[in-house]
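Here are a couple of exercises to work through with the structure open in your viewer. Try each one before reading its solution.

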2 protein chains.
Amino acid sequence: MRKFDETIQRIQKIDFSLAKATQRRLDNLTKPLGSLGRLEELAKQIVEITKKERPSLKKKVIFTMAGDHGVTEEGVSAYPKEVTPQMVYNFMAGGAGINVLARHVGARVIVVDMGVACDLKEHNDLVIKKVGYGTRNMAKGSSMTKEEALKALEGGIEAFEEEFVKGMDIAGTGDMGIGNTTPSSAIASVLTGRKVEDVTGRGTGVDDKAFAGKVAIIRKAIEVNKPDAKDPIDVLAKVGGFEIGGIAGLILAASANRVPVVIDGFISGAAALLAYKLEPKTKEYMIAAHQSVERGHRIILEHIGLKPLLDLDLRLGEGTGAALGISIAEAAVKILTQMASFKDAGVSERVKK
Amino acid sequence: MRKFDETIQRIQKIDFSLAKATQRRLDNLTKPLGSLGRLEELAKQIVEITKKERPSLKKKVIFTMAGDHGVTEEGVSAYPKEVTPQMVYNFMAGGAGINVLARHVGARVIVVDMGVACDLKEHNDLVIKKVGYGTRNMAKGSSMTKEEALKALEGGIEAFEEEFVKGMDIAGTGDMGIGNTTPSSAIASVLTGRKVEDVTGRGTGVDDKAFAGKVAIIRKAIEVNKPDAKDPIDVLAKVGGFEIGGIAGLILAASANRVPVVIDGFISGAAALLAYKLEPKTKEYMIAAHQSVERGHRIILEHIGLKPLLDLDLRLGEGTGAALGISIAEAAVKILTQMASFKDAGVSERVKK
């Protein structure tokens, strides 16, 4: 059985066997019932995912997956495509947004070359799972073959598992790829059934004319390729990207290994949608970090049924939102594991009526 | 001149003299223009407050101000009032929500006894600024005298300044006081001009009957005392609380000393409203941490003109929301100070058209 199928089969349904005990613990902590709102919900989710009554999120890893996109030749991005490898080197040097925020929350950043259009210099924090030197231009035909789509998914699974054996309590997703809001909008449109213009935003900041062109290119890509909405791998192959497939694989692997996975913004959202369509059980393992400015993101999250933790007008990607989300998740778990109970602290409980 | 007046006079208007240089720095960092949204706004605000081009938020202090409320004899809270001192001891032992979250974000917690209804045991992290042994029952007359109101404000100012001399880069507000959503709603109603029922919530969780009673008590307190909406000290004296005055004083002192101050939830919001009415310039020094579940909180924030950073359904108080907000503020500053520029990282800029 190939790695992809084996991983999907290992994903278990959350059984909520610890739900009652966790609720009891939360209700006995020295605070009014339910007064820590979403932190309490998050703590419960992480207990169920990890099957640990007192989980700890010490080892945090953010995977920033990089790939190039043939569709950039249509002028869909405000930045030239050489920025993809340049930013990978920036990640290696520790100077990018994700490096700053990952350090802030105590997370490691692993950069995965899923399909950058050039060979990258070796580096300790760079994992090579290159499926190709950028996708083909989806406006003219399929972005990749079905076999390449499966390889992208498996590259993400492998990248996860190679880190998982070293120890990992929580994973975050991230992306880097000039042009990658274009395939993400295409995936969102096909898999949610919404119009292209409803799920297309301005990416890194194209102007009105370029935006209209971007919508037209996405429509054309869908018309030319006719992706089958019932077959997520067909959608990934025809209008996807290597790093998007890699992130979807990462989410499948995290779910299979019962590791909570914090989903970054729009590109990660498109990947999460693919993972969800491949195996709906993955939803319970996902934590949506934030609501991106990209308009399609809200539609994706609603379609999966995820509620973002943060809404800070971010649209950088890289895993920057995931980093902040990981910190909230860790705060939630610490509430559960470190707060005193009414009994321990000698605090009176509410007046029974 | 008394400390209160001297502090108010020292509060300077933000002059935005560093705005252009900060914007230029942000725009040269390796990310699409404006793509870190509210983190960029926050970084700019902190530069203007501190007048430092490259601020650092290493020394973080959360002040949790405690006080008791005579109005609890009207049955407005789900918890007995002995919980106030019990929770202070819980803070000292490090077992409360605020302790867990402050540790998570690397902040110290200073607990200030502004007016707990008993004498508390000495402790290193406990500052005594006791104005009285709980307020009087505002449903029957003024909560405190005008002189006590000024003493509460000055207690908060002193608590801030005693820590400030030791070094402080950012302050957070917090509260503890059984019954204190009741005076907070009264303050919010008087100072925003909104109806009592629009700004009253369920506090720590009273039932329908007790909620109706709470609204009636607040209305009665306002009728009996006739606080003058144009005189914030009169409002604090007649329907306020010692810890609410202390938090308002803390906000005045932080503003006077150009220290960003992260405002917690509803009770801190009522205090922020008092500080804002006493001196509107304080607004620029405030960072609203989160949107509380307490319905009056949104009205307070809109009235001042603050947009909360987080919306996590919290309603615990103590400074728990402020702790999470402080971490976001620190992340924002690190973006400004630690990210590489396009030039430094050798990354191509956007295509000029």
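**Exercise 1.** Work out how many residues of chain B are in contact with chain A, and what the interface is made of.

*Solution.* Keep in mind that this is a predicted model.

Step 1: count the contacts. You should get 59 residues of chain B touching 59 residues of chain A.

Step 2: get the area. The two chains, B and A, bury about 4,800 Å² between them, and carbon and sulfur atoms account for 59% of that.

Step 3: look for charge pairing and polar contacts. The rule turns up 0 salt bridges across the interface of chain B and chain A. For polar contacts, it finds 18 residue pairs there, both partners at pLDDT 80 or more.

Step 4: see which helices of chain B take part. H3 (37-50), H4 (83-93), H5 (97-105), H13 (320-338) and H14 (342-345) each supply at least two residues of the side that touches chain A. H13(B) gives the most, with 9 residues.

Step 5: sort that side of chain B by residue type. You end up with 28 nonpolar, 16 polar and 15 charged residues.

**Exercise 2.** Take helix H11 of chain B, compare its reach with the expected span, and decide how enclosed it is.

*Solution.* Step 1: H11(B) covers residues 266-278, which is 13 residues. From first C-alpha to last it reaches 18 Å, close to the 18 Å expected at 1.5 Å a residue.

Step 2: apply the burial cut-off, under 20% relative accessible area. The buried residues of H11(B) include B:Phe266, B:Ile267, B:Leu273, B:Leu274, B:Tyr276 and B:Leu278.

Step 3: conclude. Since 12 of the 13 residues of H11(B) are buried, the helix is largely enclosed by the rest of the structure.

Note on methods
Residues numbered from 1 in each chain as written. Chains lettered and ligands numbered in written order. Predicted model: local features only at pLDDT ≥ 70, side-chain atom pairs only at ≥ 80, totals over all residues. Heavy atoms only, no water. Contact = heavy atoms within 4.5 Å. Buried area = accessible area lost by both parts, 1.4 Å probe. Salt bridge = Lys/Arg side-chain N within 4 Å of Asp/Glu carboxyl O. Polar contact = N/O pair within 3.5 Å; in protein donor to acceptor, adjacent residues only side chain to side chain. Helix = DSSP H or I, 4+ residues; strand = E, 2+ residues; numbered from the N terminus. Nonpolar A, V, L, I, M, F, W, Y, C, P; charged D, E, K, R; others polar. Expected span 1.5 Å × (residues − 1). Buried < 20%, exposed > 50% of the residue type's maximum accessible area, 1.4 Å probe, protein only.
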